[in-house]
Amino acid sequence: MAILEVHDLEVYYGVIRALKGISFEVNEGEIVTLIGANGAGKTTTMQSVVGLIPKKSGSVIFDGNDITKTPCHKIVHLGMTQVPEGRRIFQELSVYDNLLMGAYSMKDQSGFKNDLEAIYTRFPRLAERKNQIAGTLSGGEQQMLAMGRAIMSHPKLLMLDEPSMGLSPLLVDQVFEIIKDINKDGTTILLVEQNAGKSLAISDRAYVLENGSIVLSGTGSELASSEMVRKAYLGG
């Protein structure tokens, strides 16, 4: 069953047609990846789905609700959360306060302490640094904080935009393992990622974006073995 359905989505930046009528879906429990070069439209897709940028036409259905014109803050309450490119943590707040902000949309705050302990268990480094100002964390720690903050809202769909950007190879491996664990715990994942090899390896399905259009789709293993994908995104 599809938890997210995107139909004929068009987005313009001025007179530039950034998304050219793309359609895709994410089924409940899946990890689905959008891959493509810089400027292909991956981040634009994410931002238009969550309501951060306006859509020219098309529709977005989330968990059976038409959210095409729903404001971003209301989409979060429906169960869709994004970890944006560049992490966008609250730099001047502590690790704890960032996680507290992640739980703001929860109507029932009684389970906050348990949720917080679960985050600290998943990300032990955050527990060690819970009183530290977030802007002083390393890049990998900030990425973990951004993911932890998003998980605090108990999303049905977690959208991750370039989570491995700027991280060392060791931390990249850790981030992808964390993504798999979050998915195993029951959260559906939509992933935008330039590291095509890593993302396809953990994905149930994937779509290739080029110049604002979807040009190829299939299972993660199918795209990983595609000659076109290998030449364009996997180094041969």
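Tyr96, Leu99 and Leu100 of helix H3 are in contact with Phe112, Leu116, Ile119 and Tyr120 of helix H4. This contact belongs to a predicted model. Sorted by character, its residues comprise seven nonpolar, no polar and no charged. Helix H3 covers residues 95-102 and helix H4 covers residues 112-122; their axes come within 11 Å and cross at roughly 125°. Angles from 65 to 115 degrees count as roughly perpendicular and those over 145 as roughly antiparallel, and H3 and H4 are therefore oblique to each other. The crossing in which H3 passes H4 is right-handed.

Helix H3 also has a contact with helix H6, which spans residues 139-151. Here the axes come within 7 Å and cross at roughly 35°, and this crossing is right-handed. On the side of H3 the contact involves Val95, Asn98, Leu99 and Gly102, while H6 contributes Leu145, Gly148 and Arg149. The residues of this contact divide into three nonpolar, three polar and one charged. Leu99 of H3 thus appears in the contact with H4 and in the contact with H6.

From H6 the path leads on to helix H7. The axes of H6 and H7 lie 11 Å apart, and the two helices pack at an angle of about 10°. Angles under 35 degrees count as roughly parallel, and H6 and H7 are therefore described as roughly parallel to each other. In this contact Gly140, Gln143, Met144, Met147 and Ile151 of H6 meet Leu171, Gln174, Val175, Ile178, Ile179 and Ile182 of H7. Eight of the contact residues are nonpolar, three are polar and none is charged.

Helix H7, residues 169-184, leads in turn to a sheet, where H7 lies across strands E3, E7 and E8 and runs at about 150° to E8. The sheet is open and consists of six strands in the order E6-E7-E8-E3-E9-E10, with mixed pairing. Its edges are strand E6 (80-83) and strand E10 (213-219); each has a single partner strand, so one side of each is left without a neighbour in the sheet. On average, and with direction ignored, neighbouring strands of this sheet are turned by 15° against each other.

Within the sheet, strand E3 (residues 31-35) and strand E9 (residues 205-210) run parallel and are joined by four bridges. In this pair, Val32 stands opposite Arg205 of E9. Helix H1, formed by residues 42-49, packs on the sheet as well, where H1 touches E3, E6, strand E7 (157-161), strand E8 (188-192) and E9. The direction of H1 makes about 145° with that of E7. Strands E3, E7 and E8 are thus touched by H1, and H7 lies across them.

A final stop is Gly21, which is located in strand E2, residues 16-27. The relative accessible area of Gly21 is 27%. Buried means under 20% and exposed means over 50%, so Gly21 is partly exposed. Leaving aside residues up to four places away in sequence, Gly21 touches Asp8, Leu9 and Glu10. Ser168, by contrast, is separated from Gly21 by 147 residues in sequence and by 36 Å in space, taken from C-alpha to C-alpha.

Note on methods
Residues numbered from 1 in each chain as written. Predicted model: local features only at pLDDT ≥ 70, side-chain atom pairs only at ≥ 80, totals over all residues. Heavy atoms only, no water. Axes fitted to C-alpha atoms, helices over the stretch in contact; angles between N-to-C directions. Left-handed = near helix turned anticlockwise from the far one by under 90°. Contact = heavy atoms within 4.5 Å. Nonpolar A, V, L, I, M, F, W, Y, C, P; charged D, E, K, R; others polar. Pairing = 2+ DSSP bridges. Buried < 20%, exposed > 50% of the residue type's maximum accessible area, 1.4 Å probe, protein only.
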